[in-house]
Amino acid sequence: MADVLLTVRGITRRFGDRTILSGVDLDVAAGEAVGVVGPNGSGKSTLLRCIVGTDDADDGEAMLAGRVLDERRPEIRRDLAMVMDDIDFFPDLSVVEHLDLVARAHAQPDAEEVVNVVLDEVGLMEVSGQLPSTLSSGQRRRLALASAFVRPRRLLVLDEPEARLDVDGVEWLGRKLLAEKAEGCAVLLVSHDPALVERVCNRVVRLGADAGDD
Ligand SMILES: Nc1ncnc2c1ncn2[C@@H]1O[C@H](COP(=O)(O)OP(=O)(O)OP(=O)(O)O)[C@@H](O)[C@H]1O
């Protein structure tokens, strides 16, 4: 496979005497999206956390462009943008201030312009001056997505990004992820939306009872 960006080998995770993940392998190339699907509790979020280094696998490793993937390392953070289950926002920063801070903290060139473009794309322009606590749950999800899209990135890791989005939002998300691929970004997508996975992903990894690679 050309330009493999993310290499995951043998990820194993046990909680007590339960083995949640057992030797998971996957590769994601630049410009490619891989879906991770499976029933509730099958270990999808655990896999993403082990891959990005917010949880420690009992065995196995994840490499991003040849470097051990750990989002706590600054040289990795430059290449990785992610949207996990829950994201905390600074309670006293407005939507636009939050995005501006994230963009600048990650050394995004042209931060102001990028923030404006992303605000428009995710449909938060009208509420850009509001505090996160005053947003609807779907708008907070859009803000979480926007927080990833204002960062420089070569790999996008997304855990159920479609959650709480309306129909137009899911349609936009599909278009956005296809555009990310077209720009050479690698995408790892956990999703419960078969249509989104079908539309965006080149390959699918299944976890849980019906596990097996497509
Ligand atoms: N820190 C933890 N301690 C103990 N068990 C855990 C821990 N984290 C996850 N688990 C267990 O691991 C299993 C997989 O959880 P995970 O959140 O990865 O599933 P998932 O496939 O993402 O589910 P969903 O589709 O519901 O989001 C669950 O049974 C969960 O209870």
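Hi everyone, this is a short tour of one structure, going from its domains to its helices, a few single residues and the ligand shell.

A word on the model before we start. It is a predicted one, so I follow these rules: local features need pLDDT of at least 70, side-chain atom pairs count only at pLDDT 80 or more, and totals for chains, interfaces and linings use all residues. Residues are numbered from 1 along each chain as its sequence is written.

Let's begin with the domains. The protein is divided into domain 1 (1-79 + 153-214) and domain 2 (88-152), with bounds that come from an automatic or database domain assignment. Their C-alpha centres lie 23 Å apart. The contact between them takes 10 residues from domain 1 and nine residues from domain 2, where contact means that the C-beta atoms of two residues, placed from the backbone, lie within 7 Å. On the side of domain 1 that touches domain 2, the residues divide into four nonpolar, one polar and five charged. For those classes, Ala, Val, Leu, Ile, Met, Phe, Trp, Tyr, Cys and Pro count as nonpolar, Asp, Glu, Lys and Arg as charged, and the others, Gly among them, as polar.

Now to the helices. Helices (H or I, at least four residues) and strands (E, at least two) are DSSP runs, numbered from the N terminus. I will also say buried a lot: a residue is buried if 20 or more other C-beta atoms lie within 10 Å of its own, exposed if 12 or fewer, and partly exposed in between, with C-beta atoms placed from the backbone.

Take α3 (95-105). Which of its residues are buried? They are Val95, His98, Leu99, Val102 and Ala103. These cover an arc of only 130° around the axis, which puts them on the same side of α3; the arc is that of the directions from the helix axis to the C-beta atoms. That spacing may look familiar. An α-helix has 3.6 residues a turn, so residues three or four places apart point the same way. The cover over the buried residues of α3 includes α4 and α5. After the helix comes Ala107, with a positive phi near 55°.

Helix α4 (residues 111-121) has Val115, Val118 and Leu119 as its buried residues. Their arc is only 105° around the axis, which puts them on the same side of α4. Glu113 and Asp120 are exposed, on the face turned away from the buried side. The buried residues of α4 are covered by elements including α3 and α5. Just after α4, Gly123 takes a positive phi of about 75°.

Gly123 comes up again when we look at Arg142, in helix α5 (residues 137-149). Is Arg142 buried or exposed? Arg142 counts as buried, because it has 27 C-beta neighbours inside 10 Å. Leaving out residues up to four places away in sequence, Arg142 touches Val122, Gly123, Leu124 and Gly169. The C-alpha atoms of Arg142 and Val122 are separated by 6.0 Å, with their places 20 residues apart along the chain. Gln139 lies in α5 too, and it is buried because 21 other C-beta atoms are within 10 Å. With the same sequence filter, Gln139 touches Leu124 and Val127.

Over to helix α6 (residues 167-182), which has 16 residues and should span 22 Å at 1.5 Å a residue; its end C-alpha atoms are 23 Å apart, which agrees. The expected span is 1.5 Å times one less than the number of residues. Leu173, Leu177, Glu180 and Lys181 are buried in α6. Seen down the axis, they fall within an arc of 95°, so they line one face of the helix. They pack against β3 (33-37), β7 (155-159), β8 (186-190) and α7 (194-200). The face turned away carries the exposed residues Val167, Asp168, Ala179 and Ala182.

Last stop, the ligand. What surrounds it? The shell is Phe15, Ile20, Gly38, Asn40, Gly41, Ser42, Gly43, Lys44, Ser45 and Thr46, counting residues whose C-beta atom, placed from the backbone, lies within 6 Å. By class, that shell has two nonpolar, seven polar and one charged residues. Helix α1 (residues 44-52) gives the most to it, with three residues.

That's the tour, and thanks for listening!
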